[in-house]
Amino acid sequence: MTQIEHLTSDRLRQSYTRIRHKSGLTVCVLPKRAAVTYAVLGVGFGANDRMFRRTSDAVLTPLLTTQQLPEDTVFVPSGCAHFLEHKMFAERGGEDAIARFARYGANADAYTTPDLTAYLYSTTEDPYAPLEILLDFVMNPYFTAENVARERSIIAQEIRMYDDSPMQTGYYNLMEALYHTHPIRDNVGGTEETIREITPDVLYRCHAAFYRPDNMVLTVAGNVTPEQVMAVCDRCLPDAAAPSVTQRILLPEPPTIVRQHITAQAGAATPLLYFGVKDTHLSSDPMQRLRYASAVDILNDILFCKSSAIFADLYGRGLINGRFGAEYEHTETYSYALISAETESPDETEDAIRSYLADRVRLHDISDAQFARCRRVMYASSVTAYESTEDMALDCLDCTMDGGELFSSVDVMMQITKDDLIDVLDMLYQPEHMAVSVVTK
């Protein structure tokens with residue numbers, strides 16, 4: 001049975017409709033008078049999903065972390081989710097998906113992350129015909145030995161291109177320094193060796209396991225109505241959710257890091273420094289993750305923005321050239337903070353960052369004015385996102401896929417206190433969880 005709820009934010013003066021379609025698909029419709037309508041269909045299958053099992057036992061947890069793998073474990077080659085994303089656009093009936101979208105004036109694209117695969121389109125014309133195409137080609141795969149072999153050579157070229165990227169080298173070296181077993185260590189695209197293991201049978205098996213409506217979220221923002229979006233879903237999707245369950249499997253990840261330093265020569269014009277902190281404070285509760293991540297985001301803006309003490313110090317001493325910043329990733333199974341810089345003196349810059357963080361942890365040096373300013377800036381940025389149908393659709397997808405809803409992020413952000421920042425400062429920035437990746441010329 002289809003379930004409908006209307007979500008409203010008095011703070012933002014915005015609303016949208018969230019629907020649980022009878023097929024199991026979660027649909028979020030964000031009507032907005034805009035020049036462009038933007039739609040994205042997210043699938044809960046990403047580069048990290050390397051082991052799974054299928055069962056009809058609905059009481060099983062969706063995620064199993066265990067050293068003893070079940071006998072019915074299915075092993076997936078590295079890069080499979082990305083490969084599958086490419087192949088979903090394959091030609092069928094003499095026309096590939098991109099051409100089908102173009103016939104209706106829509107631009108289509110897709111991307112794969114460690115945690116999901118997303119298929120999207122934007123259009124200034126009729127939004128519903130492209131939506132039918134989106135649901136059709138994602139739900140109905142077409143793989144042959146010939147088209148998989150062709151795609152393998154294309155993806156191999158893409159992998160070689162990324163292997164030559166100093167930024168990619170620095171990032172993945174850092175992940176290998178931080179993580180022992182978690183697949184976040186591995187390149188989203190896989191390697192030339194692993195993609196040789198990908199066959200039509202492997203792709204069909206992964207599609208059957210993960211490309212189910214109950215493992216997907218559709219968000220549409222722009223000149224649409226919930227009723228018309230649902231009419232398209234009714235035409236394109238099954239009448240009931242499939243009974244099978246897919247359980248993801250991960251090996252246990254130790255709390256320690258693998259190594260403190262790793263250096264590689266990769267032709268960087270200016271040496272690159274990637275300073276990482278492995279965060280071991282994980283939670284299966286979406287609201288706890290949201291609150292914790294919101295506090296870290298505000299904290300990192302205070303610590304590492306262009307007006308921060310560390311930026312002024314490093315720039316003033318000529319250690320960085322202005323390319324300096326921090327980011328934070330926080331999920332149910334992995335979490336890390338990353339400070340990156342271009343610097344001719346990586347060792348000296350690393351020492352300065354370590355000393356700076358140690359002082360901040362020791363002194364709890366966060367002023368009320370800094371806290372108020374950074375939270376205000378982040379709130380303004382969140383409000384501005386509602387001016388773009390693309391930002392609305394993508395933000396709604398991420399929130400919904402993580403088990404939350406679009407408006408909760410702003411509400412939680414405004415509930416964060418300076419004491420919350422002090423707490424995460426003490427928990428996150430521990431010296432034993434820090435590692436550094438350097439890429440030289």
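What volume does the second largest pocket have? I looked this up first and found about 440 Å³. I note that this is a predicted model, in which local features need pLDDT of at least 70 and side-chain atom pairs count only at pLDDT 80 or more, while totals for chains, interfaces and linings use all residues. Residues are numbered from 1 along each chain as its sequence is written, and side-chain values use heavy atoms, with hydrogens and water left out.

**Entry: the pocket.** For the term itself, I worked on a 1 Å grid over the protein atoms alone, where a pocket is an open set of points at which a 1.4 Å probe fits, with protein on both sides within 12 Å along at least five of seven lines, and lining residues have an atom within 4 Å of a point. Points are joined across faces, edges and corners, and the volume is the space filled by probe spheres set on them. The lining has 22 residues, and Q168, Y172, N187, V188 and G189 are the closest to the centre of the pocket. Two or more lining residues come from each of α1 (80-87), α4 (145-163), α5 (166-178) and α6 (192-195), and α5 gives the most, with five residues. Here helices are DSSP runs of H or I with at least four residues, strands are runs of E with at least two, and both are numbered from the N terminus. I sorted the lining into four nonpolar, eleven polar and seven charged residues, counting Ala, Val, Leu, Ile, Met, Phe, Trp, Tyr, Cys and Pro as nonpolar, Asp, Glu, Lys and Arg as charged, and the others, Gly among them, as polar.

**Entry: K87.** I then turned to K87, which sits in helix α1, and found it buried at a relative accessible area of 3%, where buried means under 20% with a 1.4 Å probe and protein chains only. Leaving aside residues up to four places away in sequence, K87 touches Y142, F143, N147, V148, E151 and L203, a contact being heavy atoms within 4.5 Å.

**Entry: β8 and β9.** In strand β8 (residues 106-112) I saw the side chains alternate, with A106, A108, A110 and T112 buried on one face, whereas N107, D109 and Y111 point to the other and are not buried. β8 pairs with β9 (residues 117-123) in the antiparallel sense over seven bridges, pairing needing at least two DSSP bridges. T112 has T117 of β9 as its bridge partner, and a hairpin of four residues joins the two strands.

**Entry: the whole protein.** I counted 15 helices and 16 strands, and buried residues make up 53% of the 441 residues.

Definitions and conventions:
Buried < 20%, exposed > 50% of the residue type's maximum accessible area, 1.4 Å probe, protein only.
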